[in-house]
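These are my notebook entries on a single chain, written while I looked up side-chain contacts one after another.

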Amino acid sequence: MEAKVVLQSRTPTGTSSQGVNKQRCSPVRAVLARPAESIVGSGTKERLRLKLKPADSKREVAQDSSSFHNDNWFDLWAINYLSQSLQAATGVKSMLSGYESLVETTAMMSKKFNTKTQQELVMQVLDTAIPKLILNMIKTLLPQSQFTREYFAAFTTMFFAWLIGPSEVRESELNGRREKNVVYVKKCRFLEQSNCVGMCINLCKMPSQAFIKDSLGMPLNMVPRKKCKY
């Protein structure tokens, strides 16, 4: 699955599978899609045939994770911290470790709680993960601007690969100018391993949008491009 996160101002441009086209949308946009199975040429254009194949077992998930993601000590610390924080807030318990634990924990949350409660619980965990003083300082010192959008984009690629997988900064046009405000994620790690758009929306998309907008003053909109079949 692919993902694009575009950090934009109050009069943003949107993204589409063919590129970045001007249209009205919220200040930050993310697009999620399933992993590419093959590329089919059609004249001078190319078309992606997309397919999402669920893992057959937890062991297969672990093998896929170790094959594509070489987590360092910081990655493992962040993954375990988030997983354990979610378990403490929800009362669920995972006996697994690493990213498998995070995926199992969120899967149990999606079954135990309704969508509104899922979002509220994730918001609660995010809200307690970073001190309010630091969040308020960031919001005050880094108001919305081209520099802030580009800074947040670069920061995401460096410090959140453990959650979303490898990503890179790309350019997009905003208010007639080019900015490096796009975070391009070739394969969203959480969406790939959870294999569930519902979990993506309620345990990542919605709470992340609210947290980043309220805590950092940077509006965010993540829109799944394709729906997986499950």
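**Entry 1: Asp 71 and Arg 189**

I began with the side chains of Asp 71 and Arg 189, which are joined by a polar contact of 2.9 Å. I note at once that I am working with a predicted model, and that every distance below is to be read with that in mind. Looking up where Asp 71 belongs, I found it in the loop between helix 1 (58-68) and helix 2 (73-90). Its relative accessible area is 21%, and because buried means under 20%, I entered Asp 71 as partly exposed.

I then listed what Asp 71 touches once residues up to four places away in sequence are set aside, and obtained Leu 76, Ile 79 and Arg 189. I also looked up Gly 98, which is 27 residues from Asp 71 in sequence, while the C-alpha atoms of the two are 9.0 Å apart in space.

Arg 189 came up again when I turned to charges over rings, since its charged end sits over the ring of Tyr 99, at 3.9 Å from the ring centre. I therefore have Arg 189 down twice, once for the polar contact with Asp 71 and once for the ring of Tyr 99.

**Entry 2: Asp 75**

Which side chain of opposite charge is nearest to Asp 75? The search returned Arg 189 once more, but at 6.2 Å, and Asp 75 is recorded as buried yet without a salt bridge. A salt bridge needs a side-chain nitrogen of Lys or Arg within 4 Å of a carboxyl oxygen of Asp or Glu, and the 6.2 Å to Arg 189 is what I have to set against that cut-off.

Asp 75 is found in helix 2. With its neighbours within four places in sequence left aside, Asp 75 is in contact with Asn 70 and Trp 162.

**Entry 3: salt bridges**

I searched for salt bridges next, and the structure holds seven of them. I followed up several.

Glu 179 and Arg 149 meet through their side chains in a salt bridge of 2.8 Å, N to O. This pair links distant parts of the chain, with Glu 179 in strand 6 (residues 177-185) and Arg 149 in helix 6 (residues 146-159), 30 residues apart. Both Glu 179 and Arg 149 are buried. When I traced the connections further, I found Arg 149, Arg 177 and Glu 179 linked in a network of salt bridges.

Asp 127 forms a salt bridge with Lys 132, and the closest N and O atoms of this pair are 3.0 Å apart. Are these two buried or exposed? Neither label fits, because Asp 127 has a relative accessible area of 31% and is partly exposed, and Lys 132, at 48% relative accessibility, counts as partly exposed as well.

Glu 168 and Arg 170 also meet in a salt bridge, listed at 2.8 Å, N to O. I have Glu 168 as partly exposed at 39% and Arg 170 as partly exposed at 34%. Arg 170 has a further entry, since its charged end sits over the ring of Tyr 184, 3.6 Å from the ring centre.

**Entry 4: aromatic pairs**

How many aromatic pairs does a search of the whole structure find? The count is nine. One of them is Trp 73 with Phe 74, an edge-to-face pair at 6.2 Å centre to centre, with 85 degrees between the planes. I checked accessibility for both partners: Trp 73 is exposed, with a relative accessible area of 70%, whereas Phe 74 counts as partly exposed at 28%.

Ring pairs also link Phe 147, Tyr 151, Phe 152, Phe 155, Phe 159, Phe 160 and Trp 162 into a cluster. I marked Trp 162 in particular, as I had already noted Trp 162 in contact with Asp 75.

**Entry 5: Ser 194**

Ser 194 lies in helix 8 (residues 189-194). At 12% relative accessibility, Ser 194 counts as buried. A polar atom of the Ser 194 side chain lies 2.7 Å from the backbone oxygen of Phe 190. Setting aside neighbours within four places in sequence, I found Ser 194 in contact with Val 103 and Met 199.

**Entry 6: the chain as a whole**

To finish, I looked up totals. The chain has nine helices and seven strands, and 44% of its 230 residues are buried. Taking the contacts between residues at least 6 apart in sequence, I found that 58% join residues at least 24 apart.

Technical notes
Residues numbered from 1 in each chain as written. Predicted model: local features only at pLDDT ≥ 70, side-chain atom pairs only at ≥ 80, totals over all residues. Heavy atoms only, no water. Helix = DSSP H or I, 4+ residues; strand = E, 2+ residues; numbered from the N terminus. Buried < 20%, exposed > 50% of the residue type's maximum accessible area, 1.4 Å probe, protein only. Contact = heavy atoms within 4.5 Å. Polar contact = N/O pair within 3.5 Å; in protein donor to acceptor, adjacent residues only side chain to side chain. Phe/Tyr/Trp six-rings, centres within 6.5 Å; stacked < 30°, edge-to-face > 60°. Lys NZ or Arg CZ within 6 Å of the ring centre and 35° of its normal. Lys, Arg positive; Asp, Glu negative; His and termini not counted.
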